Each structure stands twice: as C-alpha cells, then as structure tokens.
Amino acid sequence: MLRLVAGRLVQIGVVLAILSALVWLAMGLMPGDPLDLAMAADPRLTAEDAARLRALLGLDRPLAERYLAWAAAVLRGEFGFSRLYAVPATEVLWPALRSTLVLLGWALLLSAGIGIGLGVIGAVRRGAGWLADGVALLAQSIPGFWLGILLIILFAVELGWLPAGGMGEGGGLGEAARFLVLPVATLAFVNIAAYARHSLSAMREEMAQPYVRTARMKGLPPRQVVWGHAFPNAAIPVVTVAALDAGSLVSGALVTETIFARPGMGKLIYDSIMGNDYNLALLALLLAALVTMLATLAADCVQRLIDPRLAH
Amino acid sequence: MRLWLGLALLGALGLGAVAAGWAQAWMGADPFAPDLMARYGAASAAHPLGTDELGRDLLLRLLHGARVSLAVGLAVALGATGLGTAAGLLAAWRGGWVDSVLMRVADGLLALPALPLLVVLAAVDTGRFGLPRGEAASDILRIVVILVAFGWVGTARLARAAALTQLTLDYVAAARVSGASEGRVLVRHVLPNIAGPVGVAAALAVAGAVLAESTLSFLGLGIQPPAPSWGNMLSNAQEMVFSAPMQAVWPGVCILLAVAGATLVADGLRRRGQGLG
C-alpha cells in the first residue's frame, strides 16, 4: 500500500509537470495577451507604453523562458496574481476549491447511492433489470448542461421552488443547501450511469455464485444474503468505477457550475481562460487535475483495503 | 434488438441531416437569415417548431445542426478508432518500452479531467497555424482534431487487450511459419479478429464525440454561430429559459437521441460479441 501511494505520488508529480508545460504552450497560442486587453480598454495607452509594459512584465521573452521562470516561482511557493480578480491567485483558488468539493462530494454520494441501489435491485428482483438499464442509458446520453437547463425551467421558472443559480451567501446553511439542490441533482444524475451498469452486472454475477445459494439454503434472510454476502464482493468492480469516474465528475462540475453560476473550480477555469487570466487558469487547471488524480488514488487504496488479493 | 433500435435512431437523425436542404427549399425559409420581427415565434404552420432568438426557423436549424453534429461525431469516431487501433496493435505487438510509453500516456490522459483540458485546447487560436479564422469548416476541423487527441485512448486499451490474447493463439504462429510478414499477420489476421471490441469502441466514440462537441459548442468554444450545431443552439439557453422554454428543449432532445442511439449500437454490438443476441 505504501509503495502504491509513494509510486503514484511521483507519477502525479510527473503528470502535473508535463501538463503544466503543455498547457503553458496552449495558452501561448491563445488569441491576445493581457496587454492587448488593456489597450482595448484604455485608448490613452500608446504602443510604446504597451511595449514598455510588455518588457516590464517579461511578456516579450520567449515562451519557454517564461515557463521556466513561472515553474521556479511556483516551486518556491509563489503562485502569482490573478489578472481578472486583481488579488493573489490563491485567494481565489481556495474558496473555489471548497465550493467545488462540496458539490462533488454530494454528487458522488448521491450518484453512487442511487446507481448502486438501482443495480442491486435490478440484479436481485426479476424483471427490474430494465429499470437500471434504462436509467443508465438515459443518464449516459443526456447532456449535463441540457439537464441543468431543464431543471431550471421546471423548478426555478415554472414552479419557482428553487433558485436558478448562485450560492446563497450569507443566508446560513439552509439557504446554501437550497442553492445546492439543482446543481447536485444535475451532476449526480449524469454520473449514475457507470455505477448502475457496473453494479448491475457485478451483482448478477455474484448472485449466480454457489456461495449465495449456500447462504440461501441455510436459511439466511434475503436481505442478509444480498447485502452481507453478495454485495461486498460486487463492490470491488464498483470501486474501480469510482476511481475511473473522478475525471468525469470534475468535468461535470465545469458544466454545472457554469450553468448555475456557482463560483467553483470549474467556472473559475472557464472564466479565467475566457478572460485571458492565464496564471489563474493554469493554477486552477493543475489543481483540478491534482484533485482528480488524488481521488483516483484514494479509490485505488479503498479497493486494496476491500480486496487484499490486489496487493499481490 | 438494441442494435437495431440504436441504428434506427441514428438513421432517422442522419436522414434529417440529408434532408435539410430539401426541407429548406420546400418550406421556403432561410435558417441563416435573421428576422428580428419574428423572434421567439411560437409553433405555427410556417414554422412547425417556432423560431429562435433571431427569428430563424428552429426545425430547419435543427436539421442543419444534425449535419454538423453527426459529421463531427462520425469523423471523431473514425479518427479515434483508427489512431487507437493502430496504437493498440503496435503496443501489443512490439511490447517493451513502446508498450509502456503508449500505455502510460493513455493512463495519464484517462486520469485527467477531460473537459477543462478540452476548453483550453478549444481556446487555442488556430489562425496561428495558418487556418482561416471564423469559418465553419475550420471550426469543425479543430474540434475533430481535439476530440481525436483525447478519444483514441479508450480504443487503444481495448485493441491492445484484444490483440494481446490473439497474438498468443496458434493461428498467428501458423501464419508466421507459413512466411507471412509481421505487417500481414497484424493487418490480415489479427485485425479482423479484434474487430468486435474495436467496433464497440467506435460506437462509444460516436456517443462521446456528439456529447463533447455539444458541450464545447454550448460553452461557446466549439462550432461558432451562425453555423448551427445542436450545442451552440443552446448557448444562450439561459435567456431562452424565461422567454421561450420550448426552444431550449428541442436541440437537447436531438443530442439525447443521437447519443442514446450510438450507445445502444455499442451495447448491441457488445452483446452480439458475447453471443447474447
């Protein structure tokens, strides 16, 4: 286990380093630099001023040199400033990360709970398999942004029960929860598919095993057979799904946060790229990738704990 | 059953895409010309699904959108499957460091959140590579290239796993003994035998590409207006929500049906491969 974690942490470091270089390159190829925007906003800024500012900010240096300078600063713990928000980047990043983790946590809990529930019921009850299958197909096919729009139309516009977007700051926990319902529902639903499918097929396989028949024959109540005997074995592939799905959850957060105007990591990445705030965009992207890879690592560790055979 | 249902769904949408030109001539409306007096028109005889925020016929835009969205889906599936199969075959056949490098890259790509990276790549100014800016064709090309760059991974892993088992079988040894070159062994003998899993991966790639294209276009980074795609027709949905909710429904239904169709085809192919009919 320790070796797994240590090896994976090294791997994560390598991926982050490569990713930062590639994204830096991609950002160098995006239209406009911060001074183009400044010139567009302020007609008194002359070309000479812009050139002087470019030299001052180091924007006239080659891309590779700027990247190395940036990487050195980051390794020293200096994360720079956000151009869009005009504060140190970390001041924007931490609240956004917290907001996203809350969203992701609830969505993961709900989608895993509902998906696994559907899969188990589908495998145990005869004739209920189509329900898990159908929900999985729908969840897999529905575009997350469209589901969000539909929920807004239904619950915010037509019924007026829930807010269409925002965070509900300063309204206490209950108010924040009200703003969380629709985004969590959207993100949870599109992520149900993998859980439902894999738990359905894994449970079907386990329920056909001899040990399940034995458990039944010795007179255990059905609930005990399903949850006490079959499910722990079926849980192993389901945890694998959780590990593979971390990326799609984070991707989903970008869409959900953009639609529901929640200031989280996803919206931050989108807004900062759209607003040429490259420093913030790069940091946010690396942080999102780090969170995803740590989540995958956590799922892998859980898998080892449930199934010690994997260690060999 | 699943296979046919999926093919029927995709076929119906494809037919709509093909018929877009005829429908336009027959209805006599121009889906690209704004008519500001007819914004958010309700459904009527002249406009069966109403008009959009610039007064253009929604049905015709959906049909034209089908062309773009399905073309992107098919092109990405072709590219990703071709690249992925080649990479998977190469990794399985060559083994050693080629295998580990390819699979490490695949693992790395799979472990990352795709959409934020797609957003970054989609924001790259293709004009710097000498491509014309702001033309539908270069938008489509850009999005296809980006999605292929991420999409080959799934196919590569499936193709590699399938090819590894095939390469240990006797018929491969027999082909080698009878003097077939390595290239011939891979292309004429192994490739047909891994067509099953590769087909499933290709169908899933169509589903993934349609979904990804619509999401990027919705975010304003994919196909740029005035060319319609199902995704960019929803890009000002936030405004539609209050003025014309039904306008926000139809493009989404089209995306849903296309993705569900491709997923059903993949499911059907997989079951057929397992002998489940």
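A polar contact here is a pair of N or O atoms within 3.5 Å; inside protein, one of the two must be able to donate a hydrogen and the other to accept it. Keep that in mind for the first stop. One more thing before you start clicking: this is a predicted model.

**Stop 1: where the chains meet**

Colour by chain and look at the contact between A and B. Across that interface, eight residue pairs are in polar contact, with both partners at pLDDT 80 or more. On the chain B side, pick out helices H3 (96-111), H4 (114-122), H8 (195-218), H9 (237-243) and H10 (250-273), the elements that each give two or more residues to the face touching chain A. Of these, H10(B) gives the most, with eleven residues.

Now select everything in the contact: you should get 42 residues from chain B and 42 residues from chain A. Together the two chains bury about 3600 Å², and carbon and sulfur atoms account for 76% of that. To see who does a good part of the work on the B side, show B:Val120, B:Leu219 and B:Leu256 as spheres; this trio supplies 14% of the area that chain B buries against chain A, more than any other three residues.

**Stop 2: the charged cluster**

Stay at the interface and switch to sticks. How many salt bridges are there between chain B and chain A? The count is two.

Start with A:Asp133 and B:Arg2, whose side chains meet at 2.6 Å, N to O. Then select A:Arg197 and B:Asp267, which form a salt bridge with their closest N and O atoms 3.4 Å apart. A:Arg197 sits in helix H9 (residues 192-207) of chain A and B:Asp267 in helix H10 of chain B, so this pair joins two chains.

Is B:Asp267 buried or exposed? B:Asp267 has a relative accessibility of 9%, and the cut-off for buried is under 20%, so B:Asp267 counts as buried.

Keep B:Asp267 selected and add B:Arg2, because there is a bridge inside chain B as well: B:Asp267 lies in helix H10 and B:Arg2 in helix H1 (residues 2-27), so the pair ties together parts that are 265 residues apart in sequence. The N to O distance for that bridge is 3.2 Å. B:Arg2 itself is partly exposed, at 22% relative accessible area.

Put it all on screen at once: A:Asp133, A:Arg197, B:Arg2, B:Asp267 and B:Arg270 are linked in a network of salt bridges. Over all chains, the salt bridge count comes to eleven.

**Stop 3: two domains in chain A**

Hide chain B for a moment and colour chain A by its assigned domains: domain 1 (2-89) and domain 2 (93-307). Their C-alpha centres lie 33 Å apart. At the boundary, 28 residues of domain 1 are in contact with 25 residues of domain 2, and the two domains bury about 2300 Å² between them, 73% of it on carbon and sulfur atoms.

The polar side of this boundary comes to two residue pairs in polar contact, both partners at pLDDT 80 or more, and one salt bridge. On domain 1, highlight H1, helix H2 (34-41) and helix H4 (63-75), which each give two or more residues to the side touching domain 2. H1(A) gives the most to that side, with twelve residues.

For a close-up, zoom in on A:Arg8 and A:Asp300, which meet in a salt bridge at 2.4 Å, N to O. This pair links distant parts of the chain: A:Arg8 is in helix H1 (residues 2-28), A:Asp300 in helix H13, and they are 292 residues apart. A:Asp300 is buried, with a relative accessible area of 16%.

**Stop 4: the nonpolar cores**

Bring chain B back and select A:Trp70, A:Phe145 and B:Trp230. In the largest nonpolar core, which has 110 residues, these three touch the most other members. Next, highlight helix H13 (residues 278-306) of chain A, which provides the largest share of this core, twelve residues. Both domains of chain A give residues to the core, so it lies between them.

What does A:Phe145 contact beyond its neighbours within four places in sequence? On its own chain, A:Phe145 touches A:Val255 and A:Ile259; across in chain B, its partners are B:Ser214, B:Thr215, B:Phe218, B:Leu234 and B:Ile255.

For a last selection, try A:Ala132, A:Ala193, A:Met203 and A:Ala235. These are among the 27 residues of another core, which lies apart from the largest one.

Terms used. Residues are numbered from 1 along each chain as its sequence is written. Chains are lettered from A and ligands numbered from 1 in the order in which they are written. This is a predicted model: local features need pLDDT of at least 70, side-chain atom pairs count only at pLDDT 80 or more; totals for chains, interfaces and linings use all residues. Side-chain values use heavy atoms; hydrogens and water are left out. A nonpolar core is a set of buried Ala, Val, Leu, Ile, Met, Phe, Trp, Tyr and Cys residues joined through side-chain atoms within 4.5 Å. Buried means under 20% relative accessible area, exposed over 50%, partly exposed in between (1.4 Å probe, protein chains only). Helices (H or I, at least four residues) and strands (E, at least two) are DSSP runs, numbered from the N terminus. Domain bounds come from an automatic or database domain assignment. Contact means heavy atoms within 4.5 Å. Buried area is the accessible area (1.4 Å probe) that two parts lose on being put together, summed over both. A salt bridge is a side-chain nitrogen of Lys or Arg within 4 Å of a carboxyl oxygen of Asp or Glu. A polar contact is a pair of N or O atoms within 3.5 Å; within protein, one must be able to donate a hydrogen and the other to accept it, and residues adjacent in sequence count only if both atoms are side-chain atoms.
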